[in-house]
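Open the model in your viewer and get ready to colour by chain. We'll go from chains to interfaces, then to sheets and a few odd spots in the backbone.

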Protein chains: 4
Amino acid sequence: MIQDPYEAIKELGAAPLWKYYGNLFPAEPKSEAVPYVWRYRDLRPYMLHFSEVLSLHEAERRVLMLVNPGLTEPPATVNSLYAGIQIILPGETAQAHRHSASAFRFIIEGEGAYTTVNGERVDMHPGDLLLTPGWHWHDHSHEGNGPMMWLDGLDYPLVNKLEAGFFELLGVRMQEQTVPANSSTKKFIHGRLLPLWESPAGPHSPIGNYPWSETEKALAGISDEAEGSAVEGIVLEYTNPWTGGPVMPTMSCRVSRLKPGFHGLPFKHTASTIYHVVKGQGETVVDGVKLDWAEHDTFCVPGWAQYAHVNRSASEDAILFSYSDEPVMKALGLYRHI
Amino acid sequence: MIQDPYEAIKELGAAPLWKYYGNLFPAEPKSEAVPYVWRYRDLRPYMLHFSEVLSLHEAERRVLMLVNPGLTEPPATVNSLYAGIQIILPGETAQAHRHSASAFRFIIEGEGAYTTVNGERVDMHPGDLLLTPGWHWHDHSHEGNGPMMWLDGLDYPLVNKLEAGFFELLGVRMQEQTVPANSSTKKFIHGRLLPLWESPAGPHSPIGNYPWSETEKALAGISDEAEGSAVEGIVLEYTNPWTGGPVMPTMSCRVSRLKPGFHGLPFKHTASTIYHVVKGQGETVVDGVKLDWAEHDTFCVPGWAQYAHVNRSASEDAILFSYSDEPVMKALGLYRHI
Amino acid sequence: MIQDPYEAIKELGAAPLWKYYGNLFPAEPKSEAVPYVWRYRDLRPYMLHFSEVLSLHEAERRVLMLVNPGLTEPPATVNSLYAGIQIILPGETAQAHRHSASAFRFIIEGEGAYTTVNGERVDMHPGDLLLTPGWHWHDHSHEGNGPMMWLDGLDYPLVNKLEAGFFELLGVRMQEQTVPANSSTKKFIHGRLLPLWESPAGPHSPIGNYPWSETEKALAGISDEAEGSAVEGIVLEYTNPWTGGPVMPTMSCRVSRLKPGFHGLPFKHTASTIYHVVKGQGETVVDGVKLDWAEHDTFCVPGWAQYAHVNRSASEDAILFSYSDEPVMKALGLYRHI
Amino acid sequence: MIQDPYEAIKELGAAPLWKYYGNLFPAEPKSEAVPYVWRYRDLRPYMLHFSEVLSLHEAERRVLMLVNPGLTEPPATVNSLYAGIQIILPGETAQAHRHSASAFRFIIEGEGAYTTVNGERVDMHPGDLLLTPGWHWHDHSHEGNGPMMWLDGLDYPLVNKLEAGFFELLGVRMQEQTVPANSSTKKFIHGRLLPLWESPAGPHSPIGNYPWSETEKALAGISDEAEGSAVEGIVLEYTNPWTGGPVMPTMSCRVSRLKPGFHGLPFKHTASTIYHVVKGQGETVVDGVKLDWAEHDTFCVPGWAQYAHVNRSASEDAILFSYSDEPVMKALGLYRHI
């Protein structure tokens with residue numbers, strides 16, 4: 001037995017739990033992320049600026065990451081999720097690659113661009129939700145006029161925490177198109193019908209694009225008298241048609257309508273959430289911090305932070321797109337709310 | 001020990017298995033149902049006739065049962081399923097009742113009628129599929145012009161074989177409408193979105209009507225080059241949005257497009273199937289019996305009968321709606337095919 | 001339009017629903033089966049008699065079917081299930097065959113016999129539950145002394161109602177033994193552990209034998225103070241280790257202990273049940289009919305019949321083995337109880 | 001537009017993705033954890049030392065954390081999991097608390113201690129696996145002779161990464177015992193039987209203790225000729241009896257037997273694994289690093305590290321207990337292997 005037993009055990013790879021207890025077992029979680037709003041009006045000019053000075057060949061992807069002030073190293077938007085704003089100009093292409101992190105795009109503005117996912121061209125229109133599940137090849141192209149911008153959502157912070165990140169560049173810049181354009185959407189979006197000769201290729205939705213034209217019909221289909229959620233309003237979940245569950249195993253995507261004057265009840269859960277304002281303006285109070293938001297802004301509610309939404313307008317709906325790691329929390333038995 | 005041991009055991013409630021073996025354990029199933037076509041052109045005049053001579057107050061439901069010649073007592077269309085053609089005239093109503101058997105309507109012709117299911121008015125248009133899951137109250141009304149006719153599909157033969165049939169008449173003739181008309185369809189049909197404040201009320205789809213307008217889009221969304229099924233063509237399954245599975249636990253509903261000149265491969269499975277011709281004409285050879293079919297006809301393929309579909313037209317699609325007890329066979333480990 | 005429209009539609013394969021309504025849609029189910037007890041004491045001498053006068057080469061299986069007085073053509077014990085008592089003598093063998101119907105044996109008396117299921121010898125001891133899932137080859141042999149008797153349970157009435165019965169004789173009398181004797185039980189019965197290099201071969205349990213020695217420990221493990229079921233007492237379900245669900249998709253097998261003086265609450269459900277008395281004596285009142293039972297008797301409770309168990313002894317436990325079609329009712333949304 | 005656009009966007013909460021790309025999207029994961037062995041022979045004297053100099057009232061738990069040299073801040077054993085060695089002396093008690101992190105104990109040596117989990121006393125014997133699912137109250141007591149030592153396994157590194165850690169001290173030092181001692185084990189461990197009057201209380205196994213006496217029988221039940229896994233040998237998974245799945249949603253627990261002379265094939269997967277040597281000695285080569293291990297040692301294989309096990313003895317089995325985050329990887333679609 002050597003002199004200092006604490007030193008001795010350290011050399012054997014051991015440490016005294018009793019000196020770490022409080023840090024490892026907090027009374028309740030306190031996210032390192034802070035409540036924050038990223039304002040589109042302010043960021044948009046810089047998007048345009050970088051689109052002029054930086055080519056896509058240099059950048060691979062021309063994206064402004066929305067970095068939470070509490071999560072700068074490594075950068076993330078909330079604990080397990082990431083948001084960025086991507087811009088592509090007419091005539092540009094973004095190199096094909098794939099990663100085990102799952103991704104989606106929620107289109108903000110522009111027309112004429114498309115992404116190609118595992119050989120399928122998927123066209124983009126404002127309000128569309130396009131999926132790029134983990135390990136799917138994807139590249140982007142723009143054949144329209146004017147810049148095209150969208151919100152990128154990824155789970156790479158989670159995937160990296162879990163040490164499960166893989167990445168690969170395709171040998172050529174752009175994929176070949178091996179199936180008809182937009183075929184997955186055409187095949188799966190209408191009538192709650194499923195093609196019987198196909199079967200799931202993995203735990204994700206087979207749909208390339210949940211087009212806004214359909215989302216709009218779904219929102220319009222809910223009567224003004226519908227009960228909805230006292231917290232999130234008229235809130236709809238994008239689903240995987242093979243299972244009725246979330247579109248990808250790590251991220252839940254939703255769209256909600258806050259009716260004019262909506263004041264949501266305060267709520268608190270362990271999932272981390274990123275909201276993107278499709279339309280309207282309002283505020284969300286998060287652990288006492290008031291986040292004002294307007295069209296195309298992005299804001300976040302860290303896990304186990306109390307939040308309440310308000311639609312400030314007395315006449316106009318507010319429409320929020322959101323995504324969270326709720327499926328992770330639920331799959332692992334860690335979802336909790338009050 | 002009494003004289004004749006066979007008599008003795010009979011009195012004790014026993015019988016010698018060795019005298020029954022072959023009957024109880026056939027080498028393979030031979031359905032009591034036979035392949036058959038019910039021709040709409042021939043039945044329609046009688047539908048109209050009965051609509052003139054028999055009031056709905058007398059009939060409760062004015063339906064011609066499509067009785068398989070092999071299954072007359074009790075009457076059924078195939079072993080576990082039933083099909084009937086129902087007619088209702090403008091101004092008529094059909095008394096509210098409910099049964100543990102599950103039902104659907106597939107609309108053949110007419111406009112202006114609706115069914116009310118658990119307090120929701122569900123409007124009918126040709127090609128629509130309306131669900132009445134087990135133990136849901138339902139009554140029918142017709143506020144349009146001209147007769148309205150539809151195919152009724154039920155699983156009562158199965159439910160009765162399983163001795164699980166319950167039935168109840170509502171105390172009043174018609175239900176009150178307690179939710180907005182067509183609200184379940186509006187809420188669930190578009191964009192693969194699910195209202196998060198709701199949860200499944202049972203093992204069936206929450207959708208009141210899968211409208212033809214959406215089914216048509218889904219069929220149109222499948223490219224002519226799609227592989228489809230070599231047996232059933234471009235075949236789509238109506239699904240329960242909460243699960244991605246069949247609309248009801250006992251019946252699978254499908255729609256298929258047989259391209260011009262389609263010659264399906266012969267196939268054989270343990271499920272019993274009823275087909276209804278939405279459009280087109282062709283033939284299906286079932287265990288050597290040729291069934292010719294044309295628009296609005298209904299035909300059946302008994303379980304474990306070999307069948308092959310042909311679309312006789314070189315220029316027009318044939319569209320078949322079908323339903324079967326495949327979910328039953330699969331749930332019980334009894335699905336088999338060659 | 002011919003003279004009699006009812007005759008005319010009959011020729012077209014149709015019938016008027018309004019003339020059949022009440023029969024097809026009863027207010028509630030009334031099983032054709034009746035409550036009944038088959039007394040082992042009375043049947044046993046005939047078992048022995050037939051074992052003397054009838055060879056297994058003649059009989060293929062030497063079984064007395066327990067035929068419900070309400071279900072003689074075709075014979076069944078309750079609506080969807082069958083029970084029989086089988087006897088085999090030392091030195092005898094029963095020819096290998098297989099059928100899509102699922103089966104089990106619950107051993108009543110004797111030592112030294114075994115069944116071979118898909119190449120695995122499975123030894124039999126009183127109280128053991130041996131499975132023969134659908135389409136598994138099985139033959140029986142007896143290498144001990146004295147007659148061996150067991151209860152056979154099968155779902156052939158259900159399988160035949162569903163027209164899904166297949167049967168095949170093996171080309172030779174007895175299977176080769178291709179895996180070590182009793183290996184599935186040894187591999188799966190202990191410690192809630194699962195061999196990771198294996199995976200489910202179908203929707204049934206992989207366990208050849210749930211030995212009484214383990215069942216006894218499980219029953220002994222439940223404290224006398226345990227709440228249990230007010231209807232069935234201390235009731236345990238045999239499970240499929242891959243899923244935690246019933247041993248086979250069509251039959252649930254259970255064992256229950258009725259403590260001395262147990263008076264069960266009356267209950268009623270749509271499942272049909274067959275009980276076998278492992279030990280003790282008591283009575284079960286079924287829809288007003290009192291069934292007295294003693295050791296090794298078999299009795300039945302038809303679906304939707306009200307029943308209540310009583311253990312008549314003030315000092316001894318009664319142990320009941322039972323099986324039912326509850327998994328069928330639940331899978332198809334037809335389970336109901338009051 | 002201010003002078004430096006990189007500075008400007010920083011103030012708006014944004015950062016250029018193109019400057020972070022490679023770090024965020026590695027070609028493949030490289031765990032921060034390193035392969036390591038913690039030697040029981042070396043650590044044991046310090047366990048005894050601290051048990052003399054530090055009271056349980058001071059320590060709450062007297063545990064040496066097995067800290068991976070690559071994961072010191074915060075301390076963890078592999079990326080998402082933790083192992084520690086706990087010691088308790090006769091007459092001592094450890095204060096009741098609960099946490100959302102899930103835990104288990106695998107007993108190394110001693111007799112007479114027990115843990116109380118949600119009111120149930122669970123006795124400990126060498127080789128036993130005791131569960132403390134998330135948010136279950138637990139305290140420890142020792143009524144035997146001599147020190148008692150066990151391996152603690154927890155998922156707190158994962159739970160903390162996911163910001164879902166909650167902790168609570170009970171108001172009194174020790175829980176009341178509200179159910180009979182060891183009742184959950186007695187109720188669930190034998191015969192693959194399930195008590196029907198109970199239902200799952202959450203996504204975890206209801207079993208308090210998987211006793212070594214049963215695990216031993218399970219291992220003995222696998223014939224020497226069994227195929228087993230070419231990587232892990234005769235490997236068995238502890239299961240949740242309600243589902244057949246892992247004992248807790250975040251951790252898979254296994255026991256494996258490496259036959260004398262076993263040389264495992266090299267394997268690589270994204271799950272992180274901690275092994276504890278129940279018996280025997282051997283070596284595991286992990287990404288080229290040779291880890292020698294002997295009885296009661298603990299060693300780890302980081303995620304996406306290649307490993308191969310060897311039982312060095314020509315005559316004796318080696319028995320390894322292991323746990324990993326494989327259920328997490330599979331639930332999230334991140335499990336990958338080569």
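How far apart are the nearest C-alpha atoms of chain A and chain C? Select the two chains and check: the nearest C-alpha atoms are 18 Å apart, and the chains do not touch, where contact means heavy atoms within 4.5 Å. Now do that for chain B and chain D: no touching there either, with nearest C-alpha atoms 18 Å apart.

**Before you click further**

What you have open is a predicted model, in which local features need pLDDT of at least 70 and side-chain atom pairs count only at pLDDT 80 or more, while totals for chains, interfaces and linings use all residues. Residues are numbered from 1 along each chain as its sequence is written, chains are lettered from A and ligands numbered from 1 in the order in which they are written, and side-chain values use heavy atoms, with hydrogens and water left out.

Colour chain A by pLDDT, the predictor's confidence in each residue, from 0 to 100. Chain A averages 96, and 99% of the residues score at least 70. For the complex, the predictor gives an ipTM of 0.97 and a pTM of 0.97.

**Stop 1: chain B against chain C**

Show chains B and C alone. Each puts residues into the contact: 76 from chain B and 76 from chain C. About 6800 Å² is buried between them, with carbon and sulfur atoms giving 71% of that area. (Buried area is the accessible area, with a 1.4 Å probe, that two parts lose on being put together, summed over both.)

Next, show side chains for B:Trp18, B:Glu163 and B:Phe166. In chain B these lose the most area to chain C, together 12% of what that side buries. Then pick out α3(B), which supplies six residues, the largest share of the side of chain B that touches chain C. Helices (H or I, at least four residues) and strands (E, at least two) are DSSP runs, numbered from the N terminus.

Hunting for salt bridges here? The count between chain B and chain C is zero, taking a salt bridge as a side-chain nitrogen of Lys or Arg within 4 Å of a carboxyl oxygen of Asp or Glu. Polar contacts are another matter: 20 residue pairs cross this interface, both partners at pLDDT 80 or more. A polar contact is a pair of N or O atoms within 3.5 Å; within protein, one must be able to donate a hydrogen and the other to accept it, and residues adjacent in sequence count only if both atoms are side-chain atoms.

**Stop 2: chain D against chain A**

Swap to chains D and A. The contact takes 76 residues from chain D and 76 from chain A, and the two bury about 6800 Å² between them, 70% of it on carbon and sulfur atoms. Select D:Trp18, D:Glu163 and D:Phe166: in chain D, these lose the most area to chain A, together 12% of what that side buries. The salt-bridge rule finds zero across this interface. Helix α3 (residues 40-53) of chain D gives the most to the side that touches chain A, with six residues.

**Stop 3: a sheet that crosses from B to C**

Go back to B and C in cartoon view. Follow the open sheet of seven strands, paired antiparallel, in the order β14(B)-β9(B)-β6(B)-β11(B)-β4(B)-β3(B)-β1(C). Two strands pair if DSSP finds at least two bridges between them. At the edges, pairing on one side only, are β14 (209-210) of chain B and β1 (14-16) of chain C.

Zoom in on β6 (residues 103-109) and β9 (residues 129-132) of chain B, antiparallel strands joined by four bridges. Here B:Ala103 stands opposite B:Thr132.

**Stop 4: a sheet that crosses from A to B**

Show chains A and B. Which order do the strands take in this open sheet of seven? It runs β2(A)-β20(A)-β17(A)-β22(A)-β16(A)-β15(A)-β13(B), with antiparallel pairing. The edge strands are β2 (36-38) of chain A and β13 (193-195) of chain B.

**Stop 5: backbone oddities**

Select A:Glu73 and A:Pro74: the peptide bond from one to the other is cis, with omega near 0°. A:Pro74 is in the loop between β3 (63-66) and β4 (82-88) of chain A. In chain B, the bond from B:Glu73 to B:Pro74 is cis too.

Finish at A:Asn118, in the loop between β7 (113-117) and β8 (120-123) of chain A. Its phi is near 45°, a positive value in a residue other than glycine.
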